[in-house]
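Reader: I've just opened this one up and could use a guide. Can we walk through it together, a bit at a time?

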Amino acid sequence: MGLFDKLTGTRRPEGGVAPAPPEGMRAALLDLNRPDVPFVIRDGAAEDADLVAEWRMAEPAWQALFIESQLTRAVRIRMRLVPEDHEVRALEEQWEVTRVGNPPRLVISQEHSRGQDRTVSRHWTIERGSNGRLEATETFRFDGAELRNPLRDATLESGWTWRGVVFGQL
């Protein structure tokens with residue numbers, strides 16, 4: 001892996017893994033959709049991509065999680081499948097998020113950036129343990145990699161390359 005690959009998050013599959021056909025690759029990514037995950041993967045034709053993965057920030061069932069996480073960035077990953085190279089080109093885009101109103105709701109700003117995002121939010125509770133000493137217990141954790149990692153892993157398991165895009169077109 002070269003320096004540029006490291007910066008863009010590009011990963012190649014293990015040797016000996018036969019690449020899946022394009023329909024199989026697309027199906028493997030769409031199969032990640034489940035009601036118990038905080039993201040959705042959908043058709044990306046409207047965003048000039050094959051597929052788009054994004055947080056379920058607008059869905060009422062998931063809003064409490066995103067408000068509690070004190071998330072400051074909304075992330076969307078646009079993906080283009082390149083069958084001739086057995087490659088999924090992935091462009092991560094981020095927007096600033098603020099909380100407004102009471103009860104709070106999330107509002108996405110117009111500021112936009114591209115490239116890999118690493119957002120982690122943790123909440124801790126400090127209390128006295130059974131031995132009388134102060135102990136910190138993690139009570140909440142939200143990691144932005146929960147969006148990228150399953151997509152990347154499904155791509156690699158299908159024998160395709162996950163290529164992060166920072167500059168140029170998807």
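Author: Sure. One term to start with: helices and strands are DSSP runs, numbered from the N terminus, and a strand needs at least two residues. Keep in mind, too, that this is a predicted model.

Reader: Good to know. Which strand is Thr 161 found in?

Author: Look at the stretch covering residues 161-165. Thr 161 belongs to that run, which is strand S8.

Reader: Is Thr 161 buried or exposed?

Author: Buried means under 20% relative accessible area. Thr 161 comes in at 11%, so it counts as buried.

Reader: What is Thr 161 in contact with, leaving aside its neighbours within four places in sequence?

Author: Set those neighbours aside and you still find several residues touching Thr 161, including His 86, Glu 87 and Val 88. The full list for Thr 161 is Thr 10, Arg 11, Arg 12, Pro 13, His 86, Glu 87, Val 88 and Thr 155.

Reader: Zooming out, how many helices and strands does the chain have?

Author: Along the sequence, the pattern reads α-α-β-β-α-β-β-β-β-β-α-β. In total that is four helices and eight strands.

Reader: And how much of the chain is buried?

Author: The chain has 170 residues. Its exposed surface is about 9,700 Å², with carbon and sulfur atoms supplying 51% of that. As for buried residues, they make up 42%.

Reader: Now the charged side chains. How many salt bridges does the structure hold?

Author: Side chains of opposite charge can pair when their charged atoms come close. One of the pairs here is Asp 36 with Arg 34, whose closest N and O atoms are 3.1 Å apart. The count for the structure is 11.

Reader: How far apart in sequence are the parts that Asp 50 and Arg 80 tie together?

Author: These two form a salt bridge, with 3.4 Å between the closest N and O atoms. Asp 50 sits in the loop between strand S1 (39-43) and strand S2 (51-55), while Arg 80 is in strand S3 (residues 73-82), so the parts they tie together are apart by 30 residues.

Reader: What about Arg 76 and Glu 93: which strands does that pair link?

Author: Their side chains meet in a salt bridge at 2.7 Å, N to O. The two residues are 17 apart in sequence, and they link strand S3, which holds Arg 76, with strand S4 (residues 87-100), which holds Glu 93.

Reader: Are Arg 76 and Glu 93 buried or exposed?

Author: Here the cut-off of under 20% relative accessible area applies again. Arg 76 and Glu 93 are both buried.

Definitions and conventions: Residues are numbered from 1 along each chain as its sequence is written. This is a predicted model: local features need pLDDT of at least 70, side-chain atom pairs count only at pLDDT 80 or more; totals for chains, interfaces and linings use all residues. Side-chain values use heavy atoms; hydrogens and water are left out. Buried means under 20% relative accessible area, exposed over 50%, partly exposed in between (1.4 Å probe, protein chains only). Contact means heavy atoms within 4.5 Å. Accessible areas come from the Shrake-Rupley method with a 1.4 Å probe; for residues, only the protein chains shown count as cover. A salt bridge is a side-chain nitrogen of Lys or Arg within 4 Å of a carboxyl oxygen of Asp or Glu.
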